[in-house]
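Hi,

Here is the structure I promised to send over. Have a look at it first, and then read my notes underneath.

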Amino acid sequence: MKCQVHFLIAVIILLKGSFVYAQMPGSWLLRTGAITVSPQVTSGCLSAPDFSDSPDGCTKAGVSRNTQLGGGITWIMSQHLSLDMPLALPFTHEVSGEGAMKGSGTIAEIQSLPLTLFPQYRFFGSRSMFRPYFGLGVTYAYFFNPQGSGRLTATTNPGGEPTTFTVDSKFIFSPQVGASLRLYRKFYADVFYSQAKLRSRIHMSTGQHLDADLDPQTFGLAVGYAY
Amino acid sequence: MLFKLPGITLTVLIALTSCKKPGNGDQSPAVSFSTVIAFGDSLSDAGTYQVGPIKAAGGGRFTVNGVDGEIGTLPVPTYTWAQLVSAAAVGKASCAARSGGFGSPKSNEPATGPTKCRNYAQGGSRVTNPKGIGNPVGVGFTAGPLTEPVVTQIANFGADSGSANFDGTELITVLAGPNDLFGQIETLTLESKAAGAAGFAKSIITQMIAFVTPANRAQAQTAIGQAVQTEAAQAAATPISIITAAIKAATPFLAADAAGKVNPAEIGKTAEAAAKEAGNTYAATTGLQNAVSAMAAVADTLSSYVKDMVNKGARYVVVVNIPDVSQTPMAAKNPSSQPLILAMTTAFNTALEKALAGADGVLFVDAFSENRRQFIDPAHYDLDNVKDVACNLNFPANVLDATKDGSGSAIVCNGNNLINADTSRYLFADNVHPTPYGHKLLAQYVTKAMVLAGWL
């Protein structure tokens, strides 16, 4: 299948003559670094027909963590309030067989792009060297480009057409904690952690489905510049 | 990304590459098999008997026939598990390497080029004995099922390929033993009847001797015994005729007060009870032991064939054990037989697994346990019915119900002679064979084992 390339203009910022200090109200912070998304999976059982030769009596799924080039942009609204949007390249997760399929290795891949807008509260003053913060974001967990495998087909539709699948994308809330540390002039370091509750459903072309709590933990580490 | 500093104009452009439709991913198997070879019986048979009257009746495989469609579509098309495993491994369902039987001469399917057929399994086949189910003659029989045993099927492959050796790129599937089990049941039934007949005769003699004066008992016993034996050997012998012969032989030796006491009906009733007890006792003791031992021996023999293939170069041999025959509709019709059938099945499977434990190139698949899980929780397997049969096995709907007692076979079952119900999720097509959906479930269990072994 040919993939289509979509261009998303995420942000266009026009700022002129900015000589503000870090994290002053109205300032913008841009950062780049790495973001890791680590699903904490609690898998349900694959719907019938399924195998049952395991202690938990069904097929389950695991989803791997992934780290990508990322960063984000933050708008300092006031002395303590800000809006933050982490940005990253799409995350690629390997889906492994668990439960009755434990030992099968990677049976599928899926990409995710969690688009989140975090309203944040920042502690201490605007000129503080160290500013911890917390936020509560709204995330659109977007899943795309699912890829099956021969192993998935063999165990769900042996000899037949390749088994494909989709994963429901969802809006979720994402609590966040983090901190920024001024490094040199307008350069700063930023680290954050968020954990969300995400329950989604995998739909397979065979008519089967599997519900799973993915509950992603997200870690971000970046170096930024304040405008 | 495009940054313009200072100024500051900043444009962040993120290119996201996405696919709107789900993709297939890498569908290639872990092992590139050159071909798939099947040895076994009706459970694997790809259509050996799809000739002559069987074909004319819309049959050919021991399941619901004639369900067309690509593999994976609904309703589940007619393929056996071995064919589906072949399709999963090399992208093509296997086809029968031999055809014939039921009045048609045996012929070898074309065995050249990419269309060569390598499914040697035949319905009714046993492991070594050429007298399979429905074949009273053995080698060369074509009036009914060919039933070439597994040992011959392996030799057939050698003949087709020009060598008894394997090059190590073949996937070989083996499932055999159920017909040896049925054969042992036949043997046990015959022996139990013989034990019952002996018990019947013994009871008559004992009862008649009681009416004879003590001085004549030795002589009378000989006379009555001979009379009973002679009459029982007659083709038209009946319990009444045997009792009558016994009374006639005993008459010269009867005590004076025996007149009027000899009651044929009472003697018959007591003798039949004794016969039943003798038959049951034999079945539960000596017969059971013999049958169980025989099945274990068959498993050992089958394992030796498998090991021999490995020694001749085979590197990928899937050996599937016997499903739980004790819970088939056939066994359920006679609940008292179920413990015996279970014991025989378990003996075979245990011996087979033990003999193949640790064998290089052999993947043992425990279909028995999977089958039992299907009986315990049918809904987990999307099965609607695991007790009844999907096919109408009664004459005239099923032309193979020769005895007109519902003993027809799925080999002539198709969409025109199913029972009047939605049978798409039935487990059984006939009294022992699965529906296409049952075959798919078994195939998935085998392919799953292959995935876990790194073979797919």
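Below is what I found, going from chain A to the core, the helix packing and a few backbone oddities.

Before anything else, keep in mind that this is a predicted model.

**Chain A**

Chain A is built with 1 helix and 15 strands. Along the principal axes, its C-alpha atoms fill a box of roughly 65 × 40 × 25 Å. Of the 227 residues in chain A, 45% are buried. If you take the contacts in chain A with a separation of 6 or more, 65% of them come from residues 24 or more positions apart.

**The cores**

The largest nonpolar core has 156 residues. Which of them touch the most other members? They are B:Ile204, B:Ala246, B:Phe348 and B:Val446. Helix H7 of chain B (residues 264-311) gives this core its largest share, 16 residues. There is also a second, separate core of 6 residues, and A:Leu29, A:Leu30, A:Ile76 and A:Tyr227 are among them. As background, nonpolar side chains tend to be buried together in soluble globular proteins.

B:Ala246 is a good place to start clicking. Not counting neighbours within four places in sequence, B:Ala246 is in contact with B:Ile204, B:Ile205, B:Met208, B:Ile224, B:Ala227 and B:Val228.

**Helix H2 of chain B**

I spent a while on H2(B), which covers residues 81-90. How many of its 10 residues are buried? The count is 9, so H2(B) is mostly covered. The buried ones are B:Trp81, B:Ala82, B:Gln83, B:Leu84, B:Val85, B:Ser86, B:Ala87, B:Ala88 and B:Ala89. What do they pack against? From chain A there is helix H1 (150-156), and from chain B there are strand S4 (35-40), strand S7 (170-175) and H11.

The packing with helix H11 of chain B (residues 436-452) has an angle of about 45°, and the two axes are 8 Å apart. H2(B) and H11(B) are therefore oblique to each other, and their crossing is right-handed. On the H2(B) side, the contact uses B:Trp81, B:Leu84, B:Val85 and B:Ala88. H11(B) brings B:His439, B:Lys440, B:Leu442, B:Ala443, B:Val446 and B:Thr447. By class, that contact has 7 nonpolar, 2 polar and 1 charged. You will recognise B:Val446 from the list of core residues that touch the most other members.

Just after H2(B), B:Gly91 has a positive phi of about 80°.

**H4 against H7 in chain B**

The other helix pair I looked at is H4(B) (residues 178-209) with H7(B). Their angle is about 150° and their axes are 6 Å apart, which means that H4(B) is roughly antiparallel to H7(B). The crossing of this pair is right-handed. The contact of H4(B) with H7(B) has 18 nonpolar, 9 polar and 6 charged residues.

**Backbone oddities**

Now for the cis peptides. One joins B:Leu74 and B:Pro75, with omega about -5°. B:Pro75 sits in the loop between helix H1 (52-56) and helix H2 (81-90) of chain B. Another runs from B:Phe395 to B:Pro396, with omega near 5°; B:Pro396 is in the loop between strand S10 (385-389) and strand S11 (426-428) of chain B.

I also noted positive phi values in residues that are not glycine. B:Phe102 has a phi of about 55° and belongs to the loop between strand S5 (98-101) and strand S6 (104-108) of chain B. Is B:Phe102 buried or exposed? It has 24 C-beta neighbours inside 10 Å, so B:Phe102 counts as buried. For B:Lys404, phi is near 50°, and this residue is in the loop between S10 and S11 of chain B. B:Lys404 is exposed, because 10 other C-beta atoms lie within 10 Å.

**One more residue in the S10 to S11 loop**

B:Asn417 is found in the loop between S10 and S11 of chain B as well. B:Asn417 counts as buried because it has 22 C-beta neighbours inside 10 Å. Leaving out residues up to four places away in sequence, B:Asn417 touches B:Cys391, B:Asn392, B:Ala397 and B:Asn398. From B:Asn417 to B:His433 it is 16 residues in sequence and 16 Å in space, C-alpha to C-alpha.

Cheers

Methods
Residues are numbered from 1 along each chain as its sequence is written. Chains are lettered from A and ligands numbered from 1 in the order in which they are written. This is a predicted model: local features need pLDDT of at least 70, side-chain atom pairs count only at pLDDT 80 or more; totals for chains, interfaces and linings use all residues. A nonpolar core is a set of buried Ala, Val, Leu, Ile, Met, Phe, Trp, Tyr and Cys residues joined through C-beta atoms within 7 Å. A residue is buried if 20 or more other C-beta atoms lie within 10 Å of its own, exposed if 12 or fewer, and partly exposed in between; C-beta atoms are placed from the backbone. Helices (H or I, at least four residues) and strands (E, at least two) are DSSP runs, numbered from the N terminus. Two residues are in contact if their C-beta atoms, placed from the backbone, lie within 7 Å. Axes are lines fitted to C-alpha atoms, for helices over the stretch in contact, and angles run from 0 to 180 degrees between N-to-C directions. Angles under 35 degrees count as roughly parallel, over 145 as roughly antiparallel, 65 to 115 as roughly perpendicular and the rest as oblique. A crossing is left-handed if the near helix is turned anticlockwise from the far one by less than a right angle, and right-handed if clockwise. Ala, Val, Leu, Ile, Met, Phe, Trp, Tyr, Cys and Pro count as nonpolar, Asp, Glu, Lys and Arg as charged, and the others, Gly among them, as polar.
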